[in-house]
Amino acid sequence: MPSTERDIFVDRCRKEIAPLLGAIPPAGTLRAVRDVPFFLLPKATSALGRMASSSSGVEAALKNTNALSNNAAFMDKYSRQIGAFGMEAMSKLIQLKVLIVGLRGVGVETAKNLILAGPGAVTLWDNHPAHIKDLGSNFFLTETDVGKPRAVAVASKLAELNGLVSVRVQQGPLTESTVGAHNVVVCTGLSLAEMVRWDEFCHARNIAFIGSDVKGAMGFVFSDFGSQFTVRDMTGENPHTRIITHIENDEAGTVTLLSQEDGGRSHGIEESEHDGWGDISDVSGMECLQDNAKSVNDLGPYQVRHVFKTLLEDRNGTKRERKVYDGFKVGIGDTRSFTAYKNGGVLTQVKKPVQFAYRTLAQNLTQPVAPGEYGLLFTDGAKFGRAEQLHVALQGLWEFEEAHGRDPHPNDEVEAAEVLRLARTRNAELKSMGDTAALSVEEVEEEVVRNLALFAAVEFQPLAAFFGGVVAQEVVKLTGKYQPLRQWLHLDAFEALPAARPPPNETASQGSRYDDLLAVYGRKFVEERIANARTFVVGCGALGCEYLKNFAMLGLGTGPRGSIVVTDNDRIEISNLNRQFLFREKNVGQPKSLAASQAALLMNPSMKIQAKEELVASTTENVFPDQFWEGLDFVTNALDNVKARLYVDARCVFYGKPLLESGTLGTKCNVQVIVPHITASYADGPKDEADEDTIPMCTLRNFPSLIEHCIEWARAQFNDMFVEGAAAAKKFVENPTTYLEGAKSALGGAKNGNGGIASSQKADLVKEIESLRGVQAYLAKSQGIKFPDLVAEAFALFHKLFRDKLLQLIHNFPEDHVSSNGEKFWTGAKRFPHPAVFDAENEQHLGFIVSVANLLAVNYGLVEPPDKTLIAHDHQFRDLTYVKRILADLSVPPWTPSDEKFELEEEENDGKETVDPNAATGDDGGKGPGGDDAMDVESLVQQEEAKEQAVLEGLIAELEAVETKGLVFEPAEFEKDQDMNFHIDFVTAACNLRASNYRIKQASRHKCKMIAGKIIPAIATATAAVTGLACLELLKVLQRKPLEAFKDSSNNLGLNMYFLQEPAPAVKTQERYDDIEMAHMKPYPTDFTKWDSIVVDEGPLSLEGFLAAFRRQTGLNVTLLYHKASGMDGPQKGRFLYNSEEYLPAKRELYAARLTTDLAAWVLERYEGAPVELVGPHRKYLELETSAADDDGNPFLTPTVIYRWAR
């Protein structure tokens, strides 16, 4: 973040806000001008004026959805969250008043996640004094806070998370007036009687109530959203939008959608009363016969019905009809009262509100299963009926609490037995009430109750993190987005408990922050396994921040041999602050890894943490060498892309290290635990499939029908206009000689051709001509260029893109044009274009001019790039009046038709790349290729080639004569999260201008930013929950648990889907037939997995020595030796080192000559000139792949071979 940004903000506030604050006292003025965080700055002056002059100032503006959309700072801060929740939910969320009761682990996690999400106000209540063991789950407490009321101790730190949220502490007793002043009440750590009391109070007043707690290795959430609650969107998924190509006038009202062959997708709409509806828009035709003022566009939404098509199958000579689902057609009901369909149209899924009735906690104790449900929420594939067992066990525990005023003492078998007795008694009572009135279990499982009772007094931090995410997401659901729980979530992690309980002297309280952990695992495990653990955290965004917090609470890396290394090469941005909770406004611009490490040390000063700013990739293996990986106990992935995950996964497989893998997408989150020799690795699982929304190029260029097409087109224009040309010009002026070498090489290749040049050489020639012409144009324009010249260029580009291209398209394909197949050209997904007429008073028109001119100003060096200096708000280049004055002196450029052709769908142009419908189709007047007047085609081709070579020669000569001293060009580097750099301004203006051309509904700036910037929706709630689950797996890893104890999970906090399952085991290699070897191949060693390897560890060896060592170790002969370099791009990623069956004489001689060569040196020689460092001082190993056979020539499958030459 440039250092001038805050100065710009303060100066602008003085000028634009201060004059409007006359009624506010000086202290308020200071707060508004000097002390407001930077991210509160709205971009638009009009928004600032509205906010400051309204009766309730910023608060009133923020409570209005339109004001939110226009508030660039708000949209920037919450961009990822808005991508998940949407603007309507955000506008409701910021009005919520939330009361959080109890601030131990679950309470503080909930408060943290919720404040990051941004409700209007959060009130904290917890008068209980902080104990030292609270530091094991409440990350904002310090040792100096012990004895202070927990709410008072953490309030200021919670308030720092989000300056847009009012955070206050309610001291004194919890009263009805306090509770009644809120929209939702979250109670954590209360007794059952207290929860029942406050739930009854809230239920009667339509206040949402959420109760939650963690009891050792088990936790629960209870939600009561009142007797009548409306859910607007149960899934939170974006509505499906599909292109219409036809609508039948029939009883079913069959709507045909764009086919898969043409780039369409199945409609994906289920038949349901909630989201089984569709709206129709932009259809031409289909007017009402009774009222032609209305059409099919006006009478939706329509209830969608699935359509089936009939297929004729031939089975063993017998033909029969079979009906199958047709995903590209839907029925909308009788359409016979409409006129015929003409063209166009979009089907958009609509969700209708659904109402739910919730029952009180008191009612739920007896019968927790909601009406219409078959049981309690199922969470674990290996624990059928577990939720019901936990519900009964909880009631036994609550009866114990009521009798004793406390939870059972940890590890107290006598008190656990009492809880078991109470649970069995309660279950018998429930059975007597009947299955409908009450939920009971056939038999109370003793192990479940014991595991609950023995550790109920313990707050298990990883579970607290998980439930804190779930509870905060439940609060968000009060906005009507997503369905709240109905009404329970019970989840246990009993597999994380030790197989054998430690002796009492190990589990006794020591008066430390780790007392809860000690009670479960004992002092030896905590001090030796957890404290001395060494991990590598790869990535320090939202996931990384949560992991570091969890590690701080667990005391990981605090022992004499413990360590945490965290790396991330990214820096903190404003948009990170609402989910990457270790960062504050003061950290913007700082390295993520450094700021996060410093914040984590405040939570636990004993952590041994080292921050790095390096990528983890093949190019940094000198930074993270063999010794580094060997010294780790496990690796923690906190990454956001598959390529990096695969690399880290491969390193963990090679070095045999456990890996915690997790990820989020909006409310969805998943955990994968990877354990050497036990589980499959990340690379073995399914990866992201190819993007199903890929847009055909002809659609993108000429025939858009959805706003997404326009956004992608605008993003592509950004590269064409501000990146590629400027990048070429920059390379040229930096080193003209080197730059022109490529053109000279292409020219030389063309001249050396015999009898004409190859198509690839011709393509190179044309490419170089285009490139040099672009550079030449940049150089010519740069001479004495000034900002008015850039406005003129933007004006010309406006007409080229939004007028001329469309006029030419209409010229080639008039509105009544008929294709060669007899069908109307402008029908179905093709919308007839409407060229723009420039209007300086049109916001989109002027926005395009201003953004283009300012982006070109960077390209031509008139201003510094935005990563160095931002153009101030009051700079002349941003002055709309100034730009309008320049535009007033410009003349609209003329347009005349050309012979330009347009790319069409393949079936529309008979496989040709372009079509000119005005070309002559009759007799050409000649006698044809075989006639006397036939043209000499070969001669013409050679003449054309000679012309192109001459053009290229001329361009090279001209550019060689150019004086480049003093010339500066700077290509744009697309940055979505800096609102002052004009990047998203351009995309938004260009997108919406194109949308206007094709009568497509325009997009908000935020939508343009999300799609053009490929922003992944992200929220704090899912991140907190998923890292909590991952840390449960970490504790199992450190205990060296068996496969059946581990849990991968796929979760969706919005849909209340939590599914834990045993990880896939490591795949054992089996004997199989190999098509290349044409033989059955046995594995050596038997049943090896990807985790196994053959290690040749005899010091430095020659190639011949390695082959002999391999035979001594395995009894097999190497027939083929291959090395693969992970850091190389392109089709050839490795080199052969040896082949006993090589048939080329030169290769055979080469391998024979290198038998005595040092193997590491031979590898380096094979990669000579390659941009990878394979064998440096940081390496001790080489990974090799082999084919091997026994003395009889029988081939064998072998694992990776590791050649180790150094210690």
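**Second largest cavity**

I began with the residues that line the second largest cavity of this predicted model. I listed T379, D380, K383, R386, H490, L491, D492 and L1060. The space inside comes to about 40 Å³. I sorted the lining by class and got two nonpolar, two polar and four charged residues. Which element gives the most to this lining? I found strand β18, residues 488–492, with three residues.

**The sheet that holds β18**

I followed β18 into its sheet. Seven strands make up this open sheet, and I read their order as β3-β2-β1-β4-β5-β6-β18. The pairing is mixed. Which strands stand at the edges? I noted β3 (166–169) and β18 there. Each has a single partner strand, so one side of each is left without a neighbour in the sheet. I also looked up the twist: neighbouring strands are turned by 15° against each other on average, direction ignored.

Next I took one strand pair from this sheet. Strand β5 (residues 208–215) pairs with strand β6 (residues 218–224) in the antiparallel sense. I logged seven bridges for them. Within this pair, I saw D213 opposite F220 of β6.

Then I asked what α14 touches on the sheet. I recorded contacts with β5, β6 and β18. The direction of α14 makes about 90° with that of β18.

**Largest cavity**

I went back to the cavities. How many reach 30 Å³ or more? I have three. The largest holds about 80 Å³ of space. Its lining has 14 residues, and those closest to the centre are G136, E459, Q461, D516 and L517. I then checked which elements give two or more residues to this lining: α17 (461–476), α19 (515–521) and α21 (542–554). By class, I entered seven nonpolar, three polar and four charged residues.

**The eight-stranded sheet**

I turned to another open sheet, this one of eight strands. Its order is β21-β20-β19-β22-β23-β24-β27-β28, with mixed pairing. I marked β21 (609–612) and β28 (1057–1061) as the edge strands, since each pairs on one side only. From one strand to the next, the twist averages 10°.

Here too I picked out a strand pair. Strands β23 (residues 659–665) and β24 (residues 668–674) run antiparallel and are joined by seven bridges. I looked up the bridge partner of T664 in β24 and found C669.

Which strands does helix α22 lie across? I noted β20 (563–567) and β21 for this helix, residues 592–603. Helix α22 runs at about 165° to β21.

**An aromatic pair at β28**

I counted the aromatic pairs and reached 56. I looked at one of them, F378 with F1059. The ring centres are 6.4 Å apart and the planes make 40°, so I filed the pair as tilted, as planes count as stacked under 30 degrees and as edge-to-face over 60. Why does the pair tie together parts that are 681 residues apart in sequence? F378 lies in the loop between α13 (361–366) and α14 (386–404), while F1059 is in strand β28, so the contact spans that separation.

**Backbone oddities**

I checked the peptide bonds before prolines. The bond from G300 to P301 is cis, with omega near 5°. I placed P301 in the loop between β11 (284–285) and β12 (302–303). I found a cis bond between Y1084 and P1085 as well, with omega about -5°. P1085 sits in the loop between β30 (1079–1083) and β31 (1093–1096).

My last stop was R999. What is the sign of its phi? I read a positive value of about 55°, although R999 is not a glycine. I located R999 in the loop between α33 (983–997) and α34 (1005–1012).

Terms used:
Residues numbered from 1 in each chain as written. Predicted model: local features only at pLDDT ≥ 70, side-chain atom pairs only at ≥ 80, totals over all residues. Heavy atoms only, no water. 1 Å grid on protein atoms, 1.4 Å probe; cavity = no way out; pocket = protein on both sides within 12 Å on 5 of 7 lines; lining within 4 Å. Points joined across faces, edges and corners; volume = space filled by probe spheres on them. Helix = DSSP H or I, 4+ residues; strand = E, 2+ residues; numbered from the N terminus. Nonpolar A, V, L, I, M, F, W, Y, C, P; charged D, E, K, R; others polar. Pairing = 2+ DSSP bridges. Axes fitted to C-alpha atoms, helices over the stretch in contact; angles between N-to-C directions. Contact = heavy atoms within 4.5 Å. Phe/Tyr/Trp six-rings, centres within 6.5 Å; stacked < 30°, edge-to-face > 60°.
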